[in-house]
Amino acid sequence: MKVLFTTHPMAGHWHPLVPFARALEEAGHEVAFASTPGACAAISANGFHCFPVGADETDEEHRARTASVEHLDGAFDRPAAMWTRYFAGLWAEHTLPDLLAIARAWRPDVLVRDLTEFAGCVADDSLGMPHAAVQVAAYRPDLHAAIAANLDRLRASVGLPPTTPIEPLNVAME
C-alpha cells in the first residue's frame, strides 16, 4: 500500500507523523510526505521521500504573519487567525494544486494528514481516496465553523460541493 502524508512545514506538525510513517514502512508499505520545499529537506533528512508542494514562506511573509497575530488574544483569536488565514486559507490554496498533481501521478492508496493541513482533505475527496487525520495540536472544535467558508471555496475550486458542517465531539468527562 502507498501512503502519502501531508503536513505543514513546521517540525511540530510533521514530526509527530514520523512514528506512523516508520511503522507503515516497517510493515512493508511505501510512504512519502508532501510539504513545502524547505520542509522536504528536513523530512528527507529523516529518511523519507518528500514531494514539494506549495511554497516556503519568505522571511518577509513570516514576519508579516507573526506581526498579524502577535497582538491577538492567545486563547481563541490567535488560533482562529491561523486556522482561517493560513491553515484553511493561504497555505491550503497554495498547496492544493501541487498536492492534486502529486496524488494523481504517485497514486497513493490513502492520505494521512496533520489535522490542520486542509488541502489534504480536499484532495482526497476530489480523488475519491480514503484519508485519516492525525491530531498534532489541541483539538479545536470551536474553529470548525470559522473555516467552513474557506473549505467550501477550496472544494469549489476542484468542482466539489460544499461540505457538511463538522460536528464537535461530545466527550463526557467523569
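**A walk through the sheet and its helices**

Let us begin with two strands that sit side by side: strand 1 (residues 2-6) and strand 4 run parallel and are joined by 4 bridges. Keep in mind as we go that this is a predicted model. To find one of the pairings for yourself, look for F5, whose bridge partner in strand 4 is V112.

Now turn to the other partner of strand 4. Strand 5 (residues 131-134) pairs with strand 4 in the parallel sense, again over 4 bridges. Two residue pairs help you follow this pairing by eye: D114 has V134 as its bridge partner in strand 5, and R113 stands opposite A133. How does the chain get from strand 4 to strand 5? The chain passes through helix 6 (residues 118-127), making a β-α-β crossover that is right-handed.

With these pieces in place, we can step back to the whole sheet. What is the order of the strands? This open sheet has 5 strands in the order 3-2-1-4-5, with parallel pairing. At the edges stand strand 3 (49-52) and strand 5, and because each has a single partner strand, one side of each is left without a neighbour in the sheet. The sheet is also twisted in a way you can put a number on: neighbouring strands are turned against each other by 25 degrees on average, direction ignored.

Next come the helices that meet the sheet. Helix 5 (residues 77-106) packs on it, touching strand 1, strand 2 (30-35) and strand 3. The direction of helix 5 makes about 170 degrees with that of strand 1. Helix 6, which we met in the crossover, lies across strand 1, strand 4 and strand 5, and it runs at about 160 degrees to strand 4.

Let us return to strand 4 for a moment. Is strand 4 buried or exposed? Here 5 of the 5 residues of strand 4 (residues 110-114) are buried, so this strand is largely enclosed by the rest of the structure.

Our last stop is a single residue, R155, which you will find in helix 7 (residues 144-157). Why is R155 counted as buried? R155 has 10% relative accessibility, and the cut-off for buried is under 20%. Its side chain makes a polar contact of 2.6 Å with the side chain of D125. Leaving aside residues up to four places away in sequence, R155 touches V122, D125, L160, P161, P162 and T163.

How values were computed: Residues numbered from 1 in each chain as written. Predicted model: local features only at pLDDT ≥ 70, side-chain atom pairs only at ≥ 80, totals over all residues. Heavy atoms only, no water. Buried < 20%, exposed > 50% of the residue type's maximum accessible area, 1.4 Å probe, protein only. Pairing = 2+ DSSP bridges. Right-handed = clockwise from strand over helix to strand, strands pointing away. Axes fitted to C-alpha atoms, helices over the stretch in contact; angles between N-to-C directions. Contact = heavy atoms within 4.5 Å. Polar contact = N/O pair within 3.5 Å; in protein donor to acceptor, adjacent residues only side chain to side chain.
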